[in-house]
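This report goes through one protein structure part by part. Please have the sequence and the coordinates open while reading.

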Amino acid sequence: MTEHTTTHDAEEDARNRDILIYINGELYPRDEAKVSVYDSGFLLGDGMWEGMRLHDGHWAFFDDHMDRFFDSCYAVGLDVGMDRAGIADALRLTAEANGMTSDVHCRLMLTRGTKVKPFQHPSLSRSGPTLVIIMEHSKPAEALQAQGIRLASVPQVRGLPHSQDAKFNSHSKLNCVIACLQAEAAGADEALMLDPHGFVNTTNACNFFIIRKGEVWTSTGDYCMNGVTRAKVIELCRDNGIPVFEKNYSLYEAYSADEAFLTGTFGAQTPVASIDGKAIGTGDRLLTQHIRALYKQAIARDIAVRQAG
Ligand SMILES: Cc1ncc(COP(=O)(O)O)c(C=O)c1O
């Protein structure tokens with residue numbers, strides 16, 4: 001199999017072979033953690049998830065993640081079966097069982113649960129939701145900071161909200177997976193997806209920013225994930241006198257950007273090395289590094305508030 005660079009590359013950690021995984025209140029060794037083949041998530045991709053990071057025993061920007069998670073579940077009539085304190089308890093149980101406090105990433109997943117028949121209708125899911133928490137030891141691969149990600153623009157778009165709103169962090173990621181396959185076929189690491197009008201939008205797994213002449217640009221946000229990291233970067237730029245714009249722009253401006261970076265909870269800010277084989281800037285990523293430092297401080301502040309509370 002070919003080795004690929006991805007935005008979710010992490011340093012190898014042998015401890016992840018022996019992690020405990022939470023399924024509906026119980027903890028199972030990784031190899032025994034299983035859900036039914038009748039589960040709505042497996043059958044249809046009918047579920048929502050969140051990716052979060054643990055720092056000193058606290059989940060960074062927990063309330064922002066829970067706002068998105070509960071809003072998404074509510075929008076598709078998915079009963080979480082507990083409130084955000086219940087989710088926090090389930091996360092605490094899993095972290096404690098695994099002896100995890102820092103450099104940890106979790107994937108919190110909720111599906112519509114086990115169905116009585118292998119068909120689509122939501123009413124066939126009758127036994128309540130399936131809640132799964134996978135927590136792994138995870139340090140983003142340091143090499144990516146120097147190397148950067150190679151993007152290819154792809155034909156697959158993230159569409160209008162009345163088809164499947166790009167704001168849903170749904171289990172079904174086929175739209176993004178197709179984009180990623182197209183990027184791979186073009187010899188790149190990941191996909192740069194446009195919006196239905198042809199403007200630069202997002203990557204298949206992260207939000208996307210460019211820097212031109214000291215200004216930070218990102219898409220309007222109408223056709224991409226309402227990323228927690230994206231929102232933090234915009235807020236940090238505003239608070240620190242860095243001009244930031246959510247606007248339409250095309251590949252024309254992306255190719256000739258001075259710097260470009262991706263945002264996501266997993267890797268924070270990951271530099272982009274090239275788009276469609278065209279190198280981005282000179283490789284001097286001063287503003288990206290500055291924003292990365294501001295983001296690190298914002299996490300430290302958020303964690304300090306949680307520790308004090
Ligand atoms: C398609 C897509 N874009 C962007 C993001 C980044 O969002 P966040 O910053 O909240 O991790 C994600 C993460 O789940 C995603 O799936």
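## Ser170 and its surroundings

In this predicted model, Ser170 sits in the loop that runs between helix 5 (161-164) and helix 6 (174-185). Is Ser170 buried or exposed? Ser170 has 20 C-beta neighbours inside 10 Å, and the cut-off for a buried residue is 20 or more, so Ser170 counts as buried.

Leaving aside residues up to four places away in sequence, Ser170 touches Gly45, Gly47 and Met48. Tyr74 is 96 residues from Ser170 along the chain, and the C-alpha atoms of the two are separated by 13 Å.

## Two domains and their contact

The protein is divided into domain 1, residues 14-137, and domain 2, residues 143-301. Taken over C-alpha atoms, the centres of domain 1 and domain 2 are separated by 26 Å. Domain 1 puts 20 residues into the contact, and domain 2 puts in 11 residues.

On the side of domain 1 that touches domain 2, the elements giving two or more residues are strand 3 (47-55), helix 2 (62-75) and strand 5 (104-111). Strand 3 supplies the largest share of that side, eight residues. By class, this side of domain 1 has six nonpolar, nine polar and five charged residues.

## The six-stranded sheet

Strand 3 and strand 5 also belong to an open sheet of six strands, with antiparallel pairing and the order 2-1-6-5-3-4. Which strands stand at the edges? They are strand 2 (26-29) and strand 4; each has a single partner strand, so one side of each is left without a neighbour in the sheet.

Strand 3 and strand 5 run antiparallel and are joined by eight bridges. Within this pairing, Arg53 has His105 in strand 5 as its bridge partner. In general, strands of a sheet pair through backbone hydrogen bonds, either parallel or antiparallel.

## Positive phi at Asp56 and Phe61

Two residues on either side of strand 4 deserve a look at the backbone. Asp56 is in the loop between strand 3 and strand 4 (58-59). Asp56 is not a glycine, yet has a positive phi of about 50 degrees. With 13 C-beta neighbours inside 10 Å, Asp56 counts as partly exposed.

Phe61 is in the loop between strand 4 and helix 2. Phe61 is likewise not a glycine and has a positive phi of about 55 degrees. Phe61 has 19 other C-beta atoms within 10 Å, and because a buried residue needs 20 or more, Phe61 is partly exposed.

## Strands 7, 8 and 9

Strand 8 (residues 190-194) is mostly covered, with five of its five residues buried. Strand 8 runs parallel to strand 7 (residues 149-153), and three bridges join the two. In this pair, Ala152 stands opposite Ala191 in strand 8.

Strand 8 also pairs with strand 9 (residues 200-203), here in the antiparallel sense and over three bridges. Leu192 stands opposite Thr203 in strand 9. The hairpin of strand 8 and strand 9 has five residues between the strands, and Gly198 in this hairpin takes a positive phi near 95 degrees.

## The ligand shell and helix 7

Which residues come nearest to the ligand? Of the 15 residues around the ligand, they are Met225, Gly227, Val228, Thr229 and Thr265. Helix 7 (228-239) and strand 13 (259-264) are the elements that give two or more residues to this shell. Helix 7 gives the most, with three residues. Sorted by class, the shell has five nonpolar, nine polar and one charged residues.

Helix 7 has 12 residues, which at 1.5 Å a residue should span 16 Å; its end C-alpha atoms are 16 Å apart, so the two values agree. The buried residues in helix 7 are Val228, Thr229, Arg230, Lys232, Val233, Ile234 and Cys237. As a general point, an α-helix has 3.6 residues a turn, so residues three or four places apart point the same way. Just after helix 7, Gly241 takes a positive phi of about 70 degrees.

How values were computed
Residues are numbered from 1 along each chain as its sequence is written. This is a predicted model: local features need pLDDT of at least 70, side-chain atom pairs count only at pLDDT 80 or more; totals for chains, interfaces and linings use all residues. A residue is near a molecule or strand if its C-beta atom, placed from the backbone, lies within 6 Å of it. Helices (H or I, at least four residues) and strands (E, at least two) are DSSP runs, numbered from the N terminus. Ala, Val, Leu, Ile, Met, Phe, Trp, Tyr, Cys and Pro count as nonpolar, Asp, Glu, Lys and Arg as charged, and the others, Gly among them, as polar. Domain bounds come from an automatic or database domain assignment. Two residues are in contact if their C-beta atoms, placed from the backbone, lie within 7 Å. A residue is buried if 20 or more other C-beta atoms lie within 10 Å of its own, exposed if 12 or fewer, and partly exposed in between; C-beta atoms are placed from the backbone. The expected span of a helix is 1.5 Å times one less than its number of residues. Two strands pair if DSSP finds at least two bridges between them.
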